[in-house]
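Work through the exercises below with the structure open beside you. Try each task before you read its solution.

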Amino acid sequence: MSVSEIFETMEYGPAPEDAKPVMVWLDGHKRAFGLFIDGAFTDAGAGFETANPANGNALARVTQASISDVDAAVSAARKAQPSWEKLGGHGRAKVLYAIARLMQKHSRLFAVLETLDNGKPVRESRDIDVPLVARHFYYHAGAAQLMASDMPDQQALGVAGQIIPWNFPLLMLAWKIAPAIAMGNCVVLKPAEYTSLTALLFAEICVEAGVPKGVVNIVTGNGAVGEMIVNHPDINKIAFTGSTGVGRRIREATAGSGKSLTLELGGKSPFIIFDDADIDSAVEGLVDAIWFNQGQVCCAGSRLLVQESVAEAVYAKIRARMDKLRIGDPLDKAIDVGAIVDPKQLKSITEMVDGSAGEGEVYRANTPMPKGGCYYPPTLITGLESSSRLMQEEIFGPVLVATTFRTPSEAVALANNTRYGLAASIWTENINLALDIAPRIECGVAWVNTTNQFDAAAGFGGRRESGFGREGGREGLYAYTKPKGSAKPLKPVVAFEGKAGAAADLDRTAKNYVGGKQARPDGGYVRAIYGPKGAFLGHVGIGNRKDIRNAVEAARKAGSWAKTTGHLKAQILFYIAENLSARAVELAARLDAMQGGKSGKAEVEASISRLFTYAAWADKYDGAVHNVPIRGVALAMNEPVGRLGLICPDEAPLLGLISLIAPAISMGNTCVAVPSSAFPLAATDFYQVLETSDLPGGVVNIVTGDHAALAKTMADHADLDGLWYFGASDLSGMIEKASAFNLKRTWVNNGRARDWDLAEGEEFLRHATDVKNIWIPYGE
Amino acid sequence: MTVSAKTKSTTVSVQNQGALPQVQHIRNAGMVLDMDWVRAVEVNTSAVERRCASLPGRRSVKKDYQAAWLLKAITVMDLTTLSGDDTERRVNRLCRKAMQPVRPDLLAALGMEGKRLTTGAICVYHEMIPAAVRALEGSGIPVAAVSTGFPAGLSPFHLRVAEIKASVKAGAAEIDIVISRRLVLEGKWQELYDEMRAFRDACGDAHVKAILATGELGTLRNVARASLVCMMAGADFIKTSTGKESVNATLPVSLTMIRQIRAYHEVTGIEIGYKPAGGISKAKDALVYLALMKEELGNRWLSPDLFRFGASSLLGDIERQLEHHVTGRYSASYRHAMG
């Protein structure tokens, strides 16, 4: 077209980014890459081709790592780890800083390579992905520098195996590697099969930055390589970002191994537009929510919920906006929607949408589509109901599904009507409404009048089946550290034997404690408890699955405990301590009768102190205001996990019970506690203390019984959000494995002992809470 | 707000008698003041800023496309002089520049020699209207006059109305009025509406641009509401600034105003023009503004009857960029005729 013709049509024309420097780099490697192990590249071996999804052209061959490659990478990491950790925070900070600087210096090379390999618009890789990567290394250079002073009681985990997805290949690499090496860990990272190239370029940057050999290892390959990492016996931590299905399998595979685990999984995140929103801006927000990176974003605002009164106007504006999207060559700087990563993914999107043909009204962007290549048109499907598969399942493509709501509460109910819980976007000009809704949505990240905002200073991660653990922020550093010291093996604790007989005084019946009431065990069986010399002390109920069911139901009913003020929770915890103190002599005698010795008095004293500790924390475990680079705040709020199952230590029958219950309820959780199996009578005495302490019914439920029998039911229960296990039986593996189905947060002892006299503080509070980051840009 | 789509096309396609498109614009008769609509308008500043921050990265035009777009920018420019030391000779020089804004050899090299490329208008104070009209005679380029006690708009109301009438009588085809900012800040929307109505009526056949002085309105919400009230009262164009405020045209203000133009069009079917003024001095900025109009309103708004830049130094930068495009060498200002 001539200038004079363009003058009339005013079209944009092509604005291609030059791919030549990347081609030179690929050619320099003869378009074949080995693995990066122990600071050097191996020779390229048998493997697979990686292609540009925009045109199907091959870019390079990448090696499929073997088990011996993975072994070599893990042992290089293991060997490097002690000296990397000993290098100290400042030494590590200097290396991370060098990486950050080099990322900036080579930013365009990374951006163009990412776009070629992944298909995302170069505008995004250049303006979003790569700057966030540099930012991540800067932030964590600082985290390394401050580790000794800021987290004096934490140490590195050791070797981390990290498996990342193809949607943000380089950014996810940064999210994994930066915090891990900042905290003194060494890593073996596997990029996704479709998108390995920027990780390999990053390996070169590591050499340039002076990363000691073995600290960062990159192994390429398909899911089989991922499995090798997951199952490797010498790895201490697995961090995975990807699908919920694979995440669940990883949870099962690592169960009982003692490996620490972070899972960032799928989502079906709600994008909620209230009638008082700036609707033009909300519609523009949707472009960033669902048409960013072709909708291949775990936290994509893929589920639109619009207030009924404005729904039609909003839909009309969305359709008009969709028609303005430009789809095409991702290397073109003026392209909004690029290529889907791979023909397989394109097929999966197509099948899923076509599979629900006839449901709702489908609108596809009226905009030219490129010929050839791997593209899917931006799509809006309105008029769907929650029962539609498209409203429930992740499409992972540029497809927005929509429905309407009538009231704020209905918006919350619809938003939470999902197994996922990753992110939410809330649009309203009413700050009261926004700040009411954000905490009520089950998610790890909430954006008010914005969407898809990320920063190294703010944690990112999910609830429910969107996974657990946080990446970014101070909360993310705990995912790569553990408390200093090492625990000894836990000795078995066996109940004493004795002969049936009459109790010394009037027969007392120990029951379960459910919903604030004493409840007879459903099964109608009891077990006799004897002292060390065989004296009969009393009967205790043998709880079964129905008792657990009832207790969980009671715990759910008591959910408003989460909204109780810290001040009131503190008063109640103090009051429990006061009432326990009033019965101190009796409980001390009970403890001595069950366990022998004279430690009962001290245990009761310690228990009172523990209650005081968490009464103190109830109104002091503050969240944070993260320093993110926007005009606004990112509020990191400590929210209760929800309903917790607490299987208590067999030793320290009173102190152990209180050491779990107190942090749980002080943070607003409701719980089902299973007390010491060997010495349960302290717990059944203790519920009488609870009954007199103004604690609302259902906040604490106590079911006595065999740990092994009850643990399985609890791990299998979909309405328990977390399960802690500190018993003396070997149940940690079973609990982690069975909990995989709903990805409940588990905290197990792996057969290691803990000194219950010292078992209190922030470690417990962290397990009792999930951090939700609420981004609130402001400005008028 | 009811956003029922009563959209009807008012595209002007006829190029009759060689008249410039700017004088064929179908005028806005206005409507009754709809306060429910005005009060329902919401603007989220951070979200607006985010859109504006990402736009330049989302849309770029290169090579021949860039040259064509820059030529387009010239045609939608109100070449402006609003200085206390303006003289007839100085205005004459500016008018000649408006008629021949780009060196003929450059136009020829760009294949544009057949097009009658001029700026959108000349913009002057009342006293300079006769000189401008004389200089532009036969060119078809309209003379725009700033009016109503420009820039503060605080002279007696009857004098402001009289000033419009005098300027129209003197030959101004477009009148750029300034609104009383205090009416926005005091929330006196009915009074603002009435003022705008009176100005519109005084203009007669001359097109009226409402200058909101957005830098003095405090919030984007006020900008949006004032835009809407002025359109309801019959403004043909809404314009950001006088160029004399400390903050003039910005992208967030522009986005806010053109979204109101879009809403008004959706409801009434009437196309309202937009004029950002002040602070737009680089060719690159002009391209971003054109992209913003194209994205939010469509190609229809890339024409001088619906879009103008109020600018004094922008043309010089565009000329240099065009020469660079033609020759491959960076240009210098002395190689182009002064305006």
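**Exercise 1. The open sheet in chain A**

Task: Find the strand order of the open sheet of 10 strands in chain A, and explain what sets its edge strands apart.

Solution. The model is a predicted one. Step one is to write down the order, which in chain A is 14-15-16-13-12-17-18-33-27-26, with mixed pairing. Step two is to look at the two ends: strand 14 (361–364) and strand 26 (624–626) of chain A are the edges. Each of these has a single partner strand, so one of its sides has no neighbour in the sheet. Step three concerns the twist: on average, neighbouring strands of this sheet are turned by 20° against each other, direction ignored.

**Exercise 2. One strand pair inside that sheet**

Task: In which sense do strand 13 and strand 16 of chain A pair, and over how many bridges?

Solution. Start from the general rule: strands of a sheet pair through backbone hydrogen bonds, in either the parallel or the antiparallel sense. Next, locate strand 13 at residues 301–307 and strand 16 at residues 399–405 of chain A. They pair in the parallel sense, over five bridges. To place the pair residue by residue, note that A:Leu304 lies opposite A:Ala402 of strand 16.

**Exercise 3. Chain A as a whole**

Task: Describe the make-up of chain A, and compare its radius of gyration with that of a compact globule.

Solution. First count the elements: chain A has 26 helices and 33 strands. Then divide the chain into domain 1 (20–264), domain 2 (269–461) and domain 3 (509–624 + 638–769). The centres of domain 2 and domain 3 of chain A are 42 Å apart, taken over C-alpha atoms. For the comparison, a compact globule of 780 residues would have a radius of gyration near 28 Å, and the 28 Å of chain A agrees with this. The C-alpha atoms of chain A fill a box of roughly 105 × 60 × 45 Å along the principal axes. Last, 59% of the 780 residues are buried.

**Exercise 4. Strand 1 of chain B**

Task: Which residues of strand 1 of chain B point one way, and which the other?

Solution. Recall that in a regular strand the side chains alternate between the two faces of the sheet. In strand 1 (residues 77–80) of chain B, B:Met77 and B:Leu79 point one way, while B:Asp78 and B:Thr80 point the other way. All of these residues are buried. Now add the partners. Strand 1 of chain B runs parallel to strand 8 (residues 309–311), joined by three bridges, and B:Asp78 stands opposite B:Gly310 there. Strand 1 of chain B also runs parallel to strand 2 (residues 121–124), again with three bridges, and B:Leu79 has B:Ile122 as its bridge partner in strand 2.

**Exercise 5. Chain B and the contact between the chains**

Task: Is chain B as compact as a globular protein of its length, or less so, and how many residues does each chain give to the contact?

Solution. Chain B holds 13 helices and eight strands. Its radius of gyration is 19 Å, close to the 20 Å of the globule rule for 339 residues, so chain B is as compact as a globular protein of that length. In chain B, 55% of the 339 residues are buried. For the contact, chain A gives 33 residues and chain B gives 34 residues. On the side of chain A that touches chain B, helix 1 (3–9), helix 6 (122–150), helix 11 (279–290) and helix 12 (311–322) each supply at least two residues. The residues of that side divide into 12 nonpolar, nine polar and 12 charged.

Technical notes. Residues numbered from 1 in each chain as written. Chains lettered and ligands numbered in written order. Predicted model: local features only at pLDDT ≥ 70, side-chain atom pairs only at ≥ 80, totals over all residues. Domains from an automatic or database assignment. Pairing = 2+ DSSP bridges. Helix = DSSP H or I, 4+ residues; strand = E, 2+ residues; numbered from the N terminus. Axes fitted to C-alpha atoms, helices over the stretch in contact; angles between N-to-C directions. Rg over C-alpha atoms; globule rule 2.2 N^0.38 Å. Buried ≥ 20, exposed ≤ 12 C-beta atoms within 10 Å, placed from the backbone. Contact = placed C-beta atoms within 7 Å. Nonpolar A, V, L, I, M, F, W, Y, C, P; charged D, E, K, R; others polar.
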